[in-house]
Structures are given as structure tokens and as C-alpha cells.
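Let's take a walk through this fold, starting from one residue in its middle stretch and working outward. Keep the model open as you read.

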Amino acid sequence: MITNETDLYYMNKAIEQAKIAASEGEVPVGAVIVKDRRIISCGRNRRELGKNALYHAETEAIDNACKALGGWRLIGCTLYVTLEPCPMCAGAIINSRIERVVFGAYDKKAGSLGSVVNLFELPYNHKPELVGGVCQEECGNLLSSFFERLRKKD
């Protein structure tokens, strides 16, 4: 896989969000949405703090981007997220018309952009461009070390 410097830059911004999530006791997943080479929104996991299954990094970033742009169609936007999106988030990506998705670590248990299934391959009316595995090792290590610390607490 060839990764360009732009993707690395913005993935590192998503990693910053993931680290904030970890510091808050959340699973370290972070996301940023970029349009015209400018970050228009950020998101991170907040399921534990918000006590809500919908509070994923991607859905927060999408919600913030819609507010920033004043509409639900995120045409021309790229989503950078540290973990392969789940089915709910993949659906939100499709429905918001995000043009491109770049993710870090693959998720063998719930990843819905290639690991378990690829929802972008189904005949929906919108098919975002997809790049996986950007900063995969760093993103995966954030998750592994987070869960290792949790196991040691038990």
C-alpha cells in the first residue's frame, strides 16, 4: 500500500483524538473529517462517558461536520479514522456521502470495510473510495495497550 504524506498527516490528527479518548477511559478511536485540505471536524469514542452505543468517533465527526458545513451531504470530504468502521459507522458514511475513507487498524471482530464484510461493495447508491491500513501499527498498538491496561486492572 502506498500512503501519501497528506494521509499520514491527517491520520496523525485522528491518532491525537484517539489518545484523548484513551485518557478519558474510552476505547482509543479517533476521527477527523477533512475538506479542501482543512480539518472541519473531529470525533472520538465517548460511549462510556455518554453511556450511549451511538457515540463512536465516526458518528461524532460526521455530526460535527454536518453542523460545520450546514447540511447532511459531506461531498468532497475525507474521513480519517484510527480503526476500521463498524456496520453502524459504515452506514453513516454511506448516508452522509463522504467521498473517501482512510482508516488505520483493521478490526477482525466488527470491521465492516473489509475485515468481516465490506459494506461499500454492496449496491448502495454511494460508494466511497477506501484506503485501509494507514499507520496500522501505531493505531493497533494504541488499542492493544489500552486493553492490556484494562486487563491488568481486573
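T82 is buried, with a relative accessible area of 1%; buried here means under 20% relative accessible area, exposed means over 50%, and partly exposed is anything in between, using a 1.4 Å probe and protein chains only. This residue sits in strand β3, where strands are DSSP runs of E of at least two residues, helices are runs of H or I of at least four, and both are numbered from the N terminus. What does T82 touch, leaving out residues up to four places away in sequence? Its partners are M11, A14, I15, A18, P28, V29, G30, G104, A105 and C139, with contact meaning heavy atoms within 4.5 Å.

A word on the ground rules: this is a predicted model, so local features need pLDDT of at least 70 and side-chain atom pairs count only at pLDDT 80 or more, while totals for chains, interfaces and linings use all residues. Residues are numbered from 1 along each chain as its sequence is written, and side-chain values use heavy atoms, with hydrogens and water left out.

From β3, step across to β1. These two strands pair in the antiparallel sense over 5 bridges, pairing being called when DSSP finds at least two bridges between two strands. Look for V32, which stands opposite Y80 in β3. β1 also pairs with β2, again antiparallel, over 6 bridges, and there I33 faces S41 of β2. How enclosed is β1 by the rest of the structure? Largely so, because 5 of its 6 residues are buried.

β1 and β2 form a hairpin with 2 residues between them, and the loop is worth a look. D36 lies in this loop and has a phi near 55°, a positive value in a residue other than glycine. R37 lies in the loop between β1 and β2 too, and has a positive phi of about 60° although it is not a glycine. On the surface side of things, D36 is exposed at a relative accessible area of 67%, and R37 is exposed at 63%.

Now for the helices. α3 covers residues 57–69, and its 13 residues should span 18 Å at 1.5 Å a residue; the end C-alpha atoms are 18 Å apart, which agrees. (The expected span is 1.5 Å times one less than the number of residues.) Buried residues in α3 are A57, E58, T59, E60, A61, I62, A65 and C66. They pack against β1 (30–35), β2 (38–44), β3 (77–83) and α4 (87–96). Just past the helix, G70 takes a positive phi of about 75°.

α4 has its own buried set: C89, A90, I93, I94 and S96. It helps to remember that an α-helix has 3.6 residues a turn, so residues three or four places apart point the same way. The buried residues of α4 pack against α3, β3 and β4 (100–105). Elsewhere in α4 is G91, which counts as partly exposed at 23% relative accessibility. G91 and E58 are 33 residues apart in sequence and 11 Å apart in space, C-alpha to C-alpha. Just after α4, R97 has a positive phi of about 65°.

Further along the chain, L130 is found in strand β5 (residues 129–131). At 30% relative accessibility, L130 counts as partly exposed. Setting aside neighbours within four places in sequence, L130 is in contact with V101, F103, L113, N118 and F120. The C-alpha atoms of L130 and V102 are separated by 6.1 Å, with their positions 28 residues apart along the chain counted as the sequence separation.

Finally, the empty space. A pocket here is an open set of points on a 1 Å grid over the protein atoms alone where a 1.4 Å probe fits, with protein on both sides within 12 Å along at least five of seven lines; lining residues have an atom within 4 Å of a point. The largest pocket has a volume of about 570 Å³, a volume being the space filled by probe spheres set on the points, which are joined across faces, edges and corners. It is lined by 20 residues, with V27, L83, D107, L143 and F147 lying nearest its centre. Which helix gives the largest share of the lining? That is α5 (residues 136–153), with 5 residues. By type, the lining divides into 9 nonpolar, 5 polar and 6 charged, where Ala, Val, Leu, Ile, Met, Phe, Trp, Tyr, Cys and Pro count as nonpolar, Asp, Glu, Lys and Arg as charged, and the others, Gly among them, as polar.
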